[in-house]
Protein chains: 2
Amino acid sequence: MSLDERKMQILQAIIDDYITTASPVGSRTISKHAGLGLSSATIRNEMYDLKELGLLEQPHTSAGSMPSDKAYRLYVNSIIQSVELSEPEREQLMVHFSDRLSDLEEVIKRTAVVLSSATNYMSMVMTPQLNDISLNRIQLIYISSGKALLIIVSTNGLLKNTTIDIPDGVTPEYLDKISAMMTTRFAGCKLKDVSENLIYDLFIELGERREQLSFASSIASGMHSTYAGQNKVEVRGADKLLSLPEFSDIEKARELMSAIEHKETFMTLLNDAMSMELSVKIGGENADPKFKNSSVVTATYKLHGEPIGSLGVVGPTRMDYAKVLAVLKFLGDSMSSMIEEICDDDNGKKDD
Amino acid sequence: MSLDERKMQILQAIIDDYITTASPVGSRTISKHAGLGLSSATIRNEMYDLKELGLLEQPHTSAGSMPSDKAYRLYVNSIIQSVELSEPEREQLMVHFSDRLSDLEEVIKRTAVVLSSATNYMSMVMTPQLNDISLNRIQLIYISSGKALLIIVSTNGLLKNTTIDIPDGVTPEYLDKISAMMTTRFAGCKLKDVSENLIYDLFIELGERREQLSFASSIASGMHSTYAGQNKVEVRGADKLLSLPEFSDIEKARELMSAIEHKETFMTLLNDAMSMELSVKIGGENADPKFKNSSVVTATYKLHGEPIGSLGVVGPTRMDYAKVLAVLKFLGDSMSSMIEEICDDDNGKKDD
DNA sequence: GTTAGCAGTCACACATTGCGAGTGCTAACA
DNA sequence: TGTTAGCACTCGCAATGTGTGACTGCTAAC
């Protein structure tokens, strides 16, 4: 028994119907509405075969059928290469980005909002991963006795800062000196490769006394918190999921909500998704059993061609994959170019 | 018919019982468990009076009674002056703050988490309000051609920064000059009082050309976004509310969740609460009808005696007000001292 | 291979019933 | 006069039973 053209059409019709109605589809519905010109009895025969192939499932004997994870997978595989938004759809999304966003955080938040409202599912957008990004400049700014601001600029123009404690008596001039040395020494290095020891060595070279060790370590921990604190994820539209019949059970809703309290869960999802331009995990395909009844669809965004972060959607397995994939791909690209714009204001200008 | 001692005791017993069980309390329950040595018939007579006074409500004729908003108000008024955590309770809370937190955001997040887990309700903590706080220093740091970092330090040591666009060709030295001028000019001013025009005037004084107007305005908008973006609120433990019988209705749960999407709602609550050291809004007392079935309890935190922010709890009207108020008061105070510590690292040192 | 027709299945919505928690009233008692 | 026991009555709720309708699965005819 093979999966001929007609079976595919019927499966497709069932998926389409189930995606919108969320209730098992009967043979009669397909016969009447799919426009295949076949009677319900014929559809039934085909559906029987589809069941044997593991593509359809029945909640109980006398109920209609619903697509299995396997069926969605088949469907997703067939469309994933060709998802694309239409021009009007693109325009409709871009309206929300009409004001120029100059702040990275703004871009992320806005994208999360738009993604959730465009798909009607829960959206998540992670901040760029900076550990693998090379340093361009390190600058310490004197704030007051005992406190300084540590600024880190990456080669691709991203900027991050944090306050650190400094020893008493450290002067602004001294901070400038250290900043300059650190910049020369660490320019081009990756943030994660700058260890406390390396910074300590640098202080020794400067001819500093042992007491400065605490200074070195507070710089190191500042640099570390700079990219650790960077691992944030913006989650939006959780309430959208609650309106779905899938979550009409209060217990499931509560589970979902407490998952949202732990943003690390989403961080893991998004981190795992970084390796693929577009990724779809359907139901049981998810590593985390929390999502075994949901689908997680993700895309990446890039800087200079390198993926630096990802964004995604969590929804029921009966999801409009075509639309969600297209929106994600588009928003991923648009994030990439917005971030590029934020970072490269100067790079572009260097050319003239 | 007045509210004598015994009626108060009975009301108290009903409140206590209802707070834990969430289901209407019958006269028999009180008679057996409250230890008043009265028969259920007597209790019934008293309950009849309490009903006439508007302190008890019945969901239907043959059901037990539950306290009205008015009853909770009476109760809260009677305890609000004297709420205090016991020493062991304090210690148990302080365990969560044992590691020194040097970052304001960390303090806020941690407090939100602890507040929610200590009360078992949804917690919210706002970031400090900076518009009324006076400036100490303004510093522009050159990042790259076209971009600079704007740092604002308030007189009480709080620090905030944001990136701004700068015109081409602006040098680091020029930024230093402007920083110095702005600091001299605006030190002691309040952030909200620094208008674009004032900054523009300063540029004119510097003898700058008209083209620099865009620079002035980007500094102004940077300063503005600095305190606008500051108005954040950390919300935790929304899932806790979903476990309550009050929210067993999925529709109510959804409403709650979509309220959480709009953090402005909570911002309004917390802003309104700034004027009172401790504030309790019971059910209908809330201005926002969204909370007409909930209670909102808030406290403030301070810097140098001035309230700069607030934190609170949203839960059902049947709330353990004594505990919640005590926890809030304590955490408000502990936030105050932690923030004081963060800001005053230098002030303290100035003394020696 | 396709279709009509029909028996059989099963969830779901709806009405019915009985139970139990709780009131409200009355009459008796201290 | 306040307190209590006793009892009829109310009403929500959970358990149970029933009818309906949306299906399938099969068979026989086209």
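Strands, like helices, are taken here as DSSP runs numbered from the N terminus, a strand needing at least two residues. In this predicted model, that numbering places Ser294(B) in strand 9 of chain B, which covers residues 294-303. Ser294(B) has a relative accessible area of 7%, and because buried means under 20%, Ser294(B) counts as buried. Leaving aside residues up to four places away in sequence, Ser294(B) touches Phe247(B), Lys281(B), Ile282(B), Gly283(B) and Asn286(B), and also Val314(B), Gly315(B), Pro316(B) and Thr317(B).

The loop that lies between strand 9 and strand 10 of chain B, the latter being residues 306-316, contains His304(B). Although His304(B) is not a glycine, its phi is positive, at about 55°. With a relative accessibility of 39%, His304(B) is partly exposed, whereas Ser294(B) in strand 9 is buried. A positive phi also occurs at Ala22(B), again a residue other than glycine, where the value is near 65°. Ala22(B) sits in the loop of chain B that joins helix 1, residues 5-21, to helix 2, residues 27-33.

For the overall form of a protein chain, we can turn to chain A. Its secondary structure amounts to 14 helices and ten strands. The radius of gyration of chain A is 26 Å, well over the 20 Å that the globule rule gives for 352 residues, and chain A is therefore more spread out than a compact globule. The C-alpha trace of chain A spans about 90 × 50 × 35 Å along its principal axes. Of the 352 residues in chain A, 51% are buried. Among the contacts in chain A with a separation of 6 or more, 63% are between residues 24 or more positions apart.

The cysteines can be treated briefly. In general, a disulfide is a covalent bond between the sulfur atoms of two cysteines. With a disulfide taken as a pair of cysteine sulfur atoms within 2.5 Å, the count over all chains is zero. Cys189(A) is partly exposed, with a relative accessible area of 28%, and Cys189(B) is likewise partly exposed at 28%.

We now come to the DNA, beginning with strand C. How many residues surround DNA strand C? There are 21, and the closest of them are Arg6(A), Thr42(A) and Ser62(A) from chain A, together with Ser27(B) and Arg44(B) from chain B. Of the atoms of DNA strand C that come within 4 Å of the protein, sugar and phosphate account for 72%. Helix 3 of chain A and helix 3 of chain B, each covering residues 40-52, both supply at least two residues of the surface near DNA strand C. Helix 3 of chain A gives the most to that surface, with four residues. By residue type, the surface near DNA strand C comprises four nonpolar, 13 polar and four charged residues.

Individual polar contacts show which parts of DNA strand C are approached. On the base side, an N or O atom in the side chain of Arg44(A) is 3.0 Å from a base oxygen of DNA strand C, while an N or O atom in the side chain of Arg44(B) is 3.0 Å from a base nitrogen of that strand. On the phosphate side, the side chain of Thr61(A) has an N or O atom 3.1 Å from a phosphate oxygen of DNA strand C.

DNA strand D can be read in a parallel way. Around DNA strand D there are 21 residues, of which Ser27(A), Arg44(A), Arg6(B), Thr42(B) and Ser62(B) come nearest. Sugar or phosphate makes up 71% of the atoms of DNA strand D within 4 Å of the protein, and the rest belong to bases. Helix 3 of chain A and helix 3 of chain B each supply at least two residues of the surface near DNA strand D. Here helix 3 of chain B gives the most, with four residues. The surface near DNA strand D divides into four nonpolar, 13 polar and four charged residues.

Both chains reach phosphate oxygens of DNA strand D, as the following contacts show. A polar side-chain atom of Ser27(A) lies 2.4 Å from a phosphate oxygen, and the side chain of Thr42(B) places an N or O atom 2.6 Å from a phosphate oxygen. At Ser39(B) the contact comes from the backbone, where an N or O atom lies 3.2 Å from a phosphate oxygen of DNA strand D.

Definitions and conventions:
Residues are numbered from 1 along each chain as its sequence is written. Chains are lettered from A and ligands numbered from 1 in the order in which they are written. This is a predicted model: local features need pLDDT of at least 70, side-chain atom pairs count only at pLDDT 80 or more; totals for chains, interfaces and linings use all residues. Side-chain values use heavy atoms; hydrogens and water are left out. A residue is near a molecule or strand if one of its heavy atoms lies within 4 Å of it. A polar contact is a pair of N or O atoms within 3.5 Å; within protein, one must be able to donate a hydrogen and the other to accept it, and residues adjacent in sequence count only if both atoms are side-chain atoms. Ala, Val, Leu, Ile, Met, Phe, Trp, Tyr, Cys and Pro count as nonpolar, Asp, Glu, Lys and Arg as charged, and the others, Gly among them, as polar. Buried means under 20% relative accessible area, exposed over 50%, partly exposed in between (1.4 Å probe, protein chains only). The radius of gyration is taken over C-alpha atoms; the globule rule is 2.2 Å times the number of residues to the power 0.38. Contact means heavy atoms within 4.5 Å.
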